[in-house]
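Hi,

Here is the structure I said I would pass on. Have a look at it first, and then read my notes underneath.

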Amino acid sequence: MINIPEVKLGIVAVSRDCFPMSLSEKRRVAVCKSFSEKYGEIFECKTVVENELHMLKALEEVKGAGCNALVVYLGNFGPETSETLLAKNFDGPVMFVAAAEEPCGDSLCDARGDAYCGMLNASYNLALRNIKAYIPEYPVGTADEVADMIAEFIPVARGIIGVNNLKIISFGPRPQDFLACNAPIKQLYNIGAEIEENSELDLFESYNMHAGDERIPSVIADMEAELGEGNKMAGILPKLAQYELTLLDWAEAHKGARKYVAFANKCWPSFQTQFGFVPCYVNSRLTQRGIPVGCEVDIYGALSEFIGTCVSGESVTLLDINNTVPADIYAEEIAGKYNYTHKDTFMGFHCGNTPSCRLTTRTMKYQLIMHRGLEPDKEPDITRGTLEGDIIPGNITFYRLQSTADAKLSAYIAEGEVLPVATRSFGGIGIFAIPEMGRFYRHVLVEGHFPHHGAVAFGHYGKAIHSVFTYLGAENIGFNQPKGMLYKTENPFA
């Protein structure tokens, strides 16, 4: 997977001057031993921070080691000023965690560290200084427990580092009468991302300049190998290969000071008539490599995809929350076989942008809906270019981070699965099942004014994604609340 950060962790132990520094140091050594045995490398800063001068020395050590994510470990009560200034001055995500007391036998005197108490003051001081930090659900533990917490911090840190070094490149504007992809950009800057907005004409010019590119044949060969027997429309591959090179070259030339890129590109209605194809397959190929391409100039959809890619370390997709499951499919294939009501299910669909590795079969086809309007009663030509097939069954996380129309950061996350049930339809599509989806649909998606696109990560990553959204400052994060837990807007008499 390219285009995502590699996390290099560092850990700094802190100590209150009225507690033995050796206690914090000994506990840090135990944490690092446990982590390295179970998970791998972590840079162990030898300086224990007791005051501001120690803080500066420790900061230089972790910077010199190339750390881009930091664990501040309260081995005892901790120096609340120095430890929070350490977080303030470190350029990257920071986690705070504290030591639990070890077995004490008959006496708990010299070995007591009171980090349980110190964590409270640490959080208070972080708030005083407006410093963001990741704090686990229960941030106090033994060496083994803290090592496990640090491991859970890694995907969160990867998401935060990624966003803080991301440039979203868009080619728009959004299609007419498609206000769902409205994207107030202020929140992008607030969370540390950058955006470069271009016109579809810029993209068209660049595409034409790639005509005859000597790399096109090798890209075609790679596409042929990926599609295999699904290569049903080989004649469109040269144009798709030319377009793929156009996007990759644009990303390289325009990412500037940023390390990572994502695209949000217009793909209809004039795209087909001018470029002569639909771009879905190319979008799927870039997304599979870790360069998400949001359809229909969905800037926050692309951002959401990128976060999911960073958290999971794997490819994701962006789908319409599209249609209900027909009653006959539910009755024949789902009822009595899976523990879901009809309202728990829906179909997630998009034209053909889902990576091939996420499909049960992979076939190059044409965009059926566009073909009806642009090429009625003729063989597909300019509507070719979709990658189609049913989405592989398994666990998923459906989620989105969005700026509302009044520029507030909002989000949702729901875990569920794709069922191993044939959709009998077209596009990249699957039958999704999420517990209490009907209520979630009404009181989070509809009530929260979310657009029809949702990002999909292939696995249950809700915990880490929620932590990333919280760190980035989402004011409200909806989720599929269980029965008996009413939504704020839910009618208790319904």
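Start with P173, which sits in the loop between β6 (166-172) and α6 (186-190). This is a predicted model, by the way, so please read everything below in that light. The bond to look at is the one leading into that proline: the peptide bond from G172 to P173 is cis, with omega near 5°. Most peptide bonds are trans, and most residues other than glycine have a negative phi. A cis peptide bond also joins W268 and P269, where omega is about 5°. To find P269, go to the loop between β8 (260-265) and α10 (270-275).

Now for phi. D114 is not a glycine, yet its phi is positive, near 60°. You will find D114 in the loop between β4 and α4 (115-128). Is D114 buried or exposed? Its relative accessibility is 18%, and buried means under 20%, so D114 counts as buried. E436 has a positive phi as well, near 60°, and is likewise a residue other than glycine. Look for E436 in the loop between β16 (428-433) and α15 (437-446). With a relative accessible area of 16%, E436 is buried.

Next, the sheet. What is the order of the strands in the open sheet of five? The order is β2-β1-β3-β4-β5, and the pairing is parallel. At the edges are β2 (43-44) and β5 (140-141), each of which pairs on one side only. If you want to see one pairing up close, try β4 (residues 94-99) with β5: they pair in the parallel sense over two bridges. In that region, A98 stands opposite V140 of β5.

On to a pair of helices. Two packed helices are described by the angle between their axes and the distance between the axes. For helix α8 (residues 216-227) and helix α11 (residues 280-288), the axes come within 13 Å and cross at roughly 85°. Angles of 65 to 115 degrees count as roughly perpendicular, so that is the word for how α8 lies relative to α11. Which residues make the contact? From α8 they are V219, D222, M223, E226 and L227, and from α11 they are Y281, V282, R285 and Q288. Sorted by class, the contact of α8 with α11 has five nonpolar, one polar and three charged residues.

Then the cysteines. How many disulfides does the structure hold? The answer is zero. C117 is in no disulfide, and the nearest cysteine sulfur, that of C18, is 11 Å away. C117 counts as partly exposed, at 38% relative accessibility. C280 is in no disulfide either, and here the nearest cysteine sulfur belongs to C351, 4.8 Å away. Why does that pair not count? A disulfide needs the two sulfur atoms within 2.5 Å, so C280 and C351, with their sulfurs 4.8 Å apart, do not make one. C280 is buried, with a relative accessible area of 8%.

Last, go to A494, in the segment after β18 (476-479). A494 is exposed, with a relative accessible area of 91%. From A494 to G352 is 142 residues in sequence and 38 Å in space, C-alpha to C-alpha.

Cheers

Methods:
Residues numbered from 1 in each chain as written. Predicted model: local features only at pLDDT ≥ 70, side-chain atom pairs only at ≥ 80, totals over all residues. Heavy atoms only, no water. Buried < 20%, exposed > 50% of the residue type's maximum accessible area, 1.4 Å probe, protein only. Pairing = 2+ DSSP bridges. Helix = DSSP H or I, 4+ residues; strand = E, 2+ residues; numbered from the N terminus. Axes fitted to C-alpha atoms, helices over the stretch in contact; angles between N-to-C directions. Parallel < 35°, antiparallel > 145°, perpendicular 65-115°, else oblique. Contact = heavy atoms within 4.5 Å. Nonpolar A, V, L, I, M, F, W, Y, C, P; charged D, E, K, R; others polar.
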